[in-house]
Amino acid sequence: MTESTSAILSGIRELGAAPDTYGTTLNTQISPAAADLIGKAVADAVRDLKPDHIAVWESSDEAVLAHVVALATGATVLRVTDESGIISVSPSITPGDRVVPLATAWEPRWLQAMLSVLRGAAAQVTAVAAVLHTPTLNATGPVPVVSLLSEAEASSAGLR
């Protein structure tokens, strides 16, 4: 990672976090510079995986983060939505596409739903990325996990 943990912590504290439909998100509108710093740190962590897509639940704050990561890695953004229990992905996935799901902090229900829809489309999930590590990430099986802050670091930042 090119950014130090203290710079990432500072950026996260500046943005703050709030609950959203799909879990905790950073308030990316507070500071484009802090959102850019955090997104680039995630990009540095997943770049070697050569993702074709960064997948996020449809949330404006998560989309901002995903676009920074996608731009820095040469990937595109996949938005996943849940409309009354019907989950869809836009744009569509080509079987074998390398996908990295991204969230500020993953909740069990939403991570499992995301993984299910991506695997159902025959995507290759190369890692699961998060800004904040949560216990949910301990259940990804053989899929590698990338997180910028540990649970303890997130807690010390007042985010868990």
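How many cavities of 30 Å³ or more does the count give? The count comes to one. The structure is a predicted model.

## The cavity

The largest cavity holds about 60 Å³ of space. Its lining is made up of Tyr 22, Gly 23, Thr 24, Thr 25, Trp 57, Glu 62, Leu 102, Ala 103, Ala 105 and Trp 106. Two elements give two or more residues to this lining: strand S2 (23-26) and strand S6 (98-103). S2 gives the most, with three residues. By character, the lining divides into six nonpolar residues, three polar and one charged.

## The nonpolar cores

The largest nonpolar core has 31 residues. Ile 12, Ile 38, Ile 54, Leu 102 and Val 131 have the most contacts inside this core. Several elements each supply at least two of the core residues: helix H1 (5-15), helix H2 (32-46), strand S3 (53-57), helix H3 (60-73), S6, strand S8 (128-132) and strand S9 (145-149). Which element supplies the largest share of this core? That is H2, with seven residues.

Another core lies apart from the largest one. This other core has 22 residues, among them Ala 55, Ala 103, Met 114 and Val 128.

Leu 102 ties two topics together. This residue lines the largest cavity, and Leu 102 is also listed among the residues with the most contacts inside the largest core. Neighbours within four places in sequence aside, Leu 102 is in contact with Val 42, Ile 54, Ala 55, Val 56, Leu 65, Ala 66, Val 69, Ala 129 and Ala 130. Ala 103 also lines the cavity, but Ala 103 belongs to the core of 22 residues.

## Aromatic pairs

How many aromatic pairs does a search of the whole structure find? The search finds three. Two of them share Tyr 22 and are set out below.

| Pair | Centre to centre | Angle between planes | Class |
|---|---|---|---|
| Tyr 22 and Trp 57 | 4.7 Å | 15° | stacked |
| Tyr 22 and Trp 110 | 4.7 Å | 85° | edge-to-face |

Why is the pair of Tyr 22 and Trp 110 edge-to-face? The planes of these rings stand at 85°, so the pair falls in the edge-to-face class, where the cut-off is over 60 degrees.

Both pairs link distant parts of the chain. Tyr 22 lies in the loop between strand S1 (17-20) and S2, while Trp 57 is in strand S3, 35 residues apart. Trp 110 belongs to helix H4 (residues 108-120), and 88 residues separate Tyr 22 and Trp 110. Tyr 22 and Trp 57 are both buried. Trp 110 is buried too. Through ring pairs, Tyr 22, Trp 57 and Trp 110 are linked into a cluster. Tyr 22 and Trp 57 from this cluster also line the largest cavity.

## Thr 104 and Gln 124

Thr 104 sits in the loop between S6 and H4. Is Thr 104 buried or exposed? Its relative accessibility is 0%, so Thr 104 counts as buried. Not counting residues up to four places away in sequence, Thr 104 touches Thr 24, Thr 25, Leu 26, Glu 62, Leu 65, Ala 130, Val 131 and Leu 132. Of these, Thr 24, Thr 25 and Glu 62 appear in the cavity lining. Pro 142 is 38 residues from Thr 104 in sequence and 21 Å away in space, C-alpha to C-alpha.

Gln 124 is placed in strand S7. With a relative accessible area of 39%, Gln 124 is partly exposed. Outside its neighbours within four places in sequence, Gln 124 is in contact with Gly 96, Asp 97, Arg 98 and Val 99. Gln 124 and Ala 18 are 106 residues apart in sequence, and 30 Å separate them in space, C-alpha to C-alpha.

## Backbone exceptions

Most residues other than glycine have a negative phi, and most peptide bonds are trans. Three places here depart from those patterns.

Ser 90 and Pro 91 are joined by a cis peptide bond, with omega about -5°. Pro 91 is found in the loop between strand S5 (86-90) and S6.

Ser 84 has a positive phi, near 55°. Ser 84 lies in the loop between strand S4 (76-83) and S5, and is exposed, with a relative accessible area of 80%.

Ala 122 also has a positive phi, about 65°. Ala 122 is in the loop between H4 and strand S7 (124-125). At 39% relative accessibility, Ala 122 counts as partly exposed.

Key. Residues are numbered from 1 along each chain as its sequence is written. This is a predicted model: local features need pLDDT of at least 70, side-chain atom pairs count only at pLDDT 80 or more; totals for chains, interfaces and linings use all residues. Side-chain values use heavy atoms; hydrogens and water are left out. On a 1 Å grid over the protein atoms alone, a cavity is a set of points where a 1.4 Å probe fits but cannot get out, and a pocket is an open set with protein on both sides within 12 Å along at least five of seven lines; lining residues have an atom within 4 Å of a point. Grid points are joined across faces, edges and corners, and a volume is the space filled by probe spheres set on the points. Helices (H or I, at least four residues) and strands (E, at least two) are DSSP runs, numbered from the N terminus. Ala, Val, Leu, Ile, Met, Phe, Trp, Tyr, Cys and Pro count as nonpolar, Asp, Glu, Lys and Arg as charged, and the others, Gly among them, as polar. A nonpolar core is a set of buried Ala, Val, Leu, Ile, Met, Phe, Trp, Tyr and Cys residues joined through side-chain atoms within 4.5 Å. Buried means under 20% relative accessible area, exposed over 50%, partly exposed in between (1.4 Å probe, protein chains only). Contact means heavy atoms within 4.5 Å. Rings of Phe, Tyr and Trp (its six-membered ring) pair if their centres lie within 6.5 Å; planes under 30 degrees apart count as stacked, over 60 as edge-to-face and the rest as tilted.
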